[in-house]
Amino acid sequence: MTAPTFHEGERAVQARVGVQERLAELGPRVIRDFMPDQHRAFFEQLPFVIAGTVDARGQPWASVLAQPPGFMRSPHPRQLDVRARPLPGDSLAVNLAEGAAIGLLGLEPHTRRRNRMNGVVRGADASGFSVEVRQSFGNCPKYIQAREPVYLEDRAGAAPVVDELLQLDDAARIIITSADTFFIATAYAGDSVQAGRAAGVDVSHRGGKPGFVRLGEGGVLTVPDFTGNYFFNTLGNIAVNPRAGLLFIDFDKGDLLYLAVTAGILWDGPELSSFAGAQRLMHFKVQSMRLVESSLPLRWGEAELSPVLQGTGAWTQPPR
């Protein structure tokens, strides 16, 4: 790849934690501008995929698409075809414009495998869309809870109940405070010509022990950020654009909670020490919520928490 592997926000975060030089050498070798055959086959076997897009107001959203395995196909290494349409109530329905930036996360929870791909939308129509690959890379299995999804044909297309509010309601609070997993979409905001393939939208996974998302006053969510691959795609985007979209899935009921948030990063201080294993904290101020009941036509087996989480703690009250 001749274009930059990381944009200025990612490089700034890498520099802060002392890994920029290492990632400058590693990045071009592991972040490709095509999908390896292993990644192409992986996406094709999945019953769902997580997507990140940005709406007309510049707000990122994390979404999920679900169909029986085989709904994604890669005819060649620089293209992925997705034969699925957005679920009811999902902003993805209006965000799939020709040339729009999109990030995809392929995740197989029960095997703890995941691969990421970022690109642009091509040929969206009533049956689905294609993605022109700009970046493709794998992720480690850390923090993924092992639960196996089953696609429910009888739930596909059912009309859900949609609740939209500017602040969290009780149902949303329960989903958030009991979660062991959520997904976050972020977007680069800067000189896209200079950033090249490093620009665009990214969507990623966050996992922890149930309750690892703390809900504070004023609808502020606090989440520990653990040791990862040091690419800092999410934090790098937040460094140059604080808007983000969160997606929480109720794995028992199929409810989907979409949050539009303003994000910030806490690098040090007493609050950081209140969660064992956290390298830094992310704060999310909720701007709006959308809860779509029984939307996802997947049900999941009982979760086996990631063994890596044994090295993390639980929230304690931060010192005053």
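## A friendly tour of rings, a pocket and three small residues

The charged end of R214 sits over the ring of W315, at 4.0 Å from the ring centre. Before going further, please keep in mind that this is a predicted model. W315 also belongs to a cluster, in which ring pairs link it with Y143, F226 and F275. A second charge over a ring involves R147, whose charged end lies 3.9 Å from the centre of the ring of F251.

### Ring against ring

How many aromatic pairs are there? The count comes to twelve. One of them joins F48 and W300 in an edge-to-face arrangement, with 5.2 Å from centre to centre and 75° between the planes. F48 belongs to strand β1 (residues 48-54) and W300 to strand β17 (residues 298-300), so this pair ties together parts that are 252 residues apart in sequence. Are these two rings buried or exposed? F48 is buried, because its relative accessibility is 1%, and W300 is buried too, with a relative accessible area of 11%.

Another pair is made by F182 and F212. Their ring centres are 5.9 Å apart and their planes meet at 25°, so the pair counts as stacked. Here F182 lies in strand β10 (residues 181-187), while F212 lies in the loop between β11 (201-207) and β12 (214-215), so parts 30 residues apart in sequence are tied together. F182 is buried at a relative accessible area of 0%, and F212 is buried at 1%.

### The largest pocket

Now for some open space: the largest pocket holds about 420 Å³. Of the 21 residues in its lining, the closest to the centre are S178, I249, D250, F251 and D252. F251 has already appeared in this tour, as the ring under the charged end of R147. Which element gives the largest share of the lining of the largest pocket? Helix α5 (residues 170-178) does, with four residues.

### A124, S127 and S130

Let us finish with three residues from one stretch of the chain. A124 is found in strand β6 (residues 113-125), S127 in the loop between β6 and β7, and S130 in strand β7 (residues 128-139). The table sets out how accessible each of them is.

| Residue | Relative accessibility | State |
|---|---|---|
| A124 | 34% | partly exposed |
| S127 | 38% | partly exposed |
| S130 | 13% | buried |

Why does S130 count as buried? Buried means under 20% relative accessible area, and S130 counts as such because its relative accessibility is 13%.

Leaving aside neighbours within four places in sequence, A124 is in contact with L96, E98 and F129. Its C-alpha atom is 23 Å from that of G196, and the two residues are 72 residues apart in sequence.

With neighbours within four places again set aside, S127 is in contact with V82, R83, A84 and R85. Among them, R83 also makes a polar contact of 2.8 Å with S127, side chain to side chain. Between the C-alpha atoms of S127 and P36, which are 91 residues apart along the chain, the separation is 25 Å.

S130 touches Q79, L80, D81, R83, V120, V121 and R122, not counting residues up to four places away in sequence. What joins the side chains of S130 and D81? A polar contact of 2.5 Å does. R83 is thus a place to look at twice: it is touched by S130 and is in contact with S127.

Conventions. Residues are numbered from 1 along each chain as its sequence is written. This is a predicted model: local features need pLDDT of at least 70, side-chain atom pairs count only at pLDDT 80 or more; totals for chains, interfaces and linings use all residues. Side-chain values use heavy atoms; hydrogens and water are left out. Helices (H or I, at least four residues) and strands (E, at least two) are DSSP runs, numbered from the N terminus. Buried means under 20% relative accessible area, exposed over 50%, partly exposed in between (1.4 Å probe, protein chains only). A polar contact is a pair of N or O atoms within 3.5 Å; within protein, one must be able to donate a hydrogen and the other to accept it, and residues adjacent in sequence count only if both atoms are side-chain atoms. Contact means heavy atoms within 4.5 Å. Rings of Phe, Tyr and Trp (its six-membered ring) pair if their centres lie within 6.5 Å; planes under 30 degrees apart count as stacked, over 60 as edge-to-face and the rest as tilted. A charge sits over a ring if NZ of Lys or CZ of Arg is within 6 Å of the ring centre and within 35 degrees of the ring normal. On a 1 Å grid over the protein atoms alone, a cavity is a set of points where a 1.4 Å probe fits but cannot get out, and a pocket is an open set with protein on both sides within 12 Å along at least five of seven lines; lining residues have an atom within 4 Å of a point. Grid points are joined across faces, edges and corners, and a volume is the space filled by probe spheres set on the points.
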